[in-house]
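The following note is offered to a colleague who is meeting this structure for the first time. It takes up the packing of the interior and then the pairing of charged side chains.

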Amino acid sequence: MKDSGMRSENHTLVLGVGNPLCGDDGVGARVIELLGEPASISGRTLPPGTCLQDAGLPGWGLPSWFEGWSRVFLVDAVDMGLEPGMWRRFCPEEVKYSLADETFSLHQPDLACGLALAQALNLLPEDLVIYGVQPADTTPGAPLSPQVNASLPQLVESLINEINNA
């Protein structure tokens with residue numbers, strides 16, 4: 001179900017983050033597309049009230065995406081030192097949000113900066129789950145890599161299962 005502009009504490013937001021013009025950095029947007037057509041992956045549907053949004057590169061604006069949502073799933077390319085295409089599921093308790101130089105800059109804020117700001121402002125959703133996918137290639141103009149493409153059916157199935165079983 002696409003966003004109808006309605007936000008509710010009882011609904012779930014699935015947020016794709018990244019730049020689809022830079023290879024595997026577009027994995028978040030691709031997952032949102034696939035979830036919009038769940039029959040093509042698993043034949044299962046998402047529950048009513050599930051909102052799918054491509055946030056692009058939200059940077060410092062990430063906390064505003066969380067407003068009004070108690071349950072958020074975030075999908076992004078994350079360099080975790082894994083084999084390309086491998087993905088992991090994280091909860092906030094498993095990840096420490098920090099800034100590399102411990103200063104806030106208005107230039108190129110990344111996901112960690114947006115999460116750190118949301119945490120500092122006490123705007124993290126009650127139930128936040130991050131699905132990180134190890135990129136192979138984030139070259140501008142490149143498509144999703146074969147490794148990331150191959151991992152998407154399993155990732156989407158896991159996400160659908162988690163959304164439906166809450």
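Which residues have the most contacts inside the largest nonpolar core? The points below begin with that matter.

1. The model under discussion is predicted. Its largest nonpolar core comprises 22 residues, and those with the most contacts inside it are V14, V27, V31, L35, F73, Y131 and L159. At least two residues of this core come from each of α1, β3, β5 and α4. Helix α4 provides the largest share, namely seven residues.

2. V31 may serve as an example of the packing. Residues up to four places away in sequence being left aside, V31 touches V75, L152, L155, V156 and L159. Both V31 and L159 are listed among the residues with the most contacts inside the largest core.

3. A further core, of 16 residues, lies apart from the one described above. Its members include V17, L62, F66 and W69.

4. As to charged groups, side chains of opposite charge can pair when their charged atoms come close. The count of salt bridges in this model is three. Each is treated in turn below.

5. One salt bridge joins the side chains of E33 and R30, with an N to O distance of 2.8 Å. Both residues belong to helix α1 (residues 27–35), where they stand three residues apart, about one turn of the helix. E33 has a relative accessible area of 44% and is therefore classed as partly exposed. R30, at 30% relative accessibility, is likewise partly exposed.

6. Another salt bridge is formed by R71 and D127, whose closest N and O atoms are 3.5 Å apart. Since R71 is in strand β3 (residues 71–77) and D127 is in strand β5 (residues 127–133), the pair ties together parts that are 56 residues apart in sequence. Are the two partners buried or partly exposed? R71 has a relative accessible area of 12%, under the 20% limit, and so counts as buried. D127, at 33% relative accessibility, is partly exposed.

7. In the remaining salt bridge, the side chains of R89 and E162 meet at 2.5 Å, N to O. This pair links distant parts of the chain, 73 residues apart: R89 is located in strand β4 (residues 87–90) and E162 in helix α4 (residues 146–164). R89 is partly exposed, its relative accessible area being 33%.

8. Helix α4 thus appears under two headings. It supplies seven residues to the largest core, and it contains E162, the salt-bridge partner of R89.

Notes:
Residues are numbered from 1 along each chain as its sequence is written. This is a predicted model: local features need pLDDT of at least 70, side-chain atom pairs count only at pLDDT 80 or more; totals for chains, interfaces and linings use all residues. Side-chain values use heavy atoms; hydrogens and water are left out. A salt bridge is a side-chain nitrogen of Lys or Arg within 4 Å of a carboxyl oxygen of Asp or Glu. Helices (H or I, at least four residues) and strands (E, at least two) are DSSP runs, numbered from the N terminus. Buried means under 20% relative accessible area, exposed over 50%, partly exposed in between (1.4 Å probe, protein chains only). A nonpolar core is a set of buried Ala, Val, Leu, Ile, Met, Phe, Trp, Tyr and Cys residues joined through side-chain atoms within 4.5 Å. Contact means heavy atoms within 4.5 Å.
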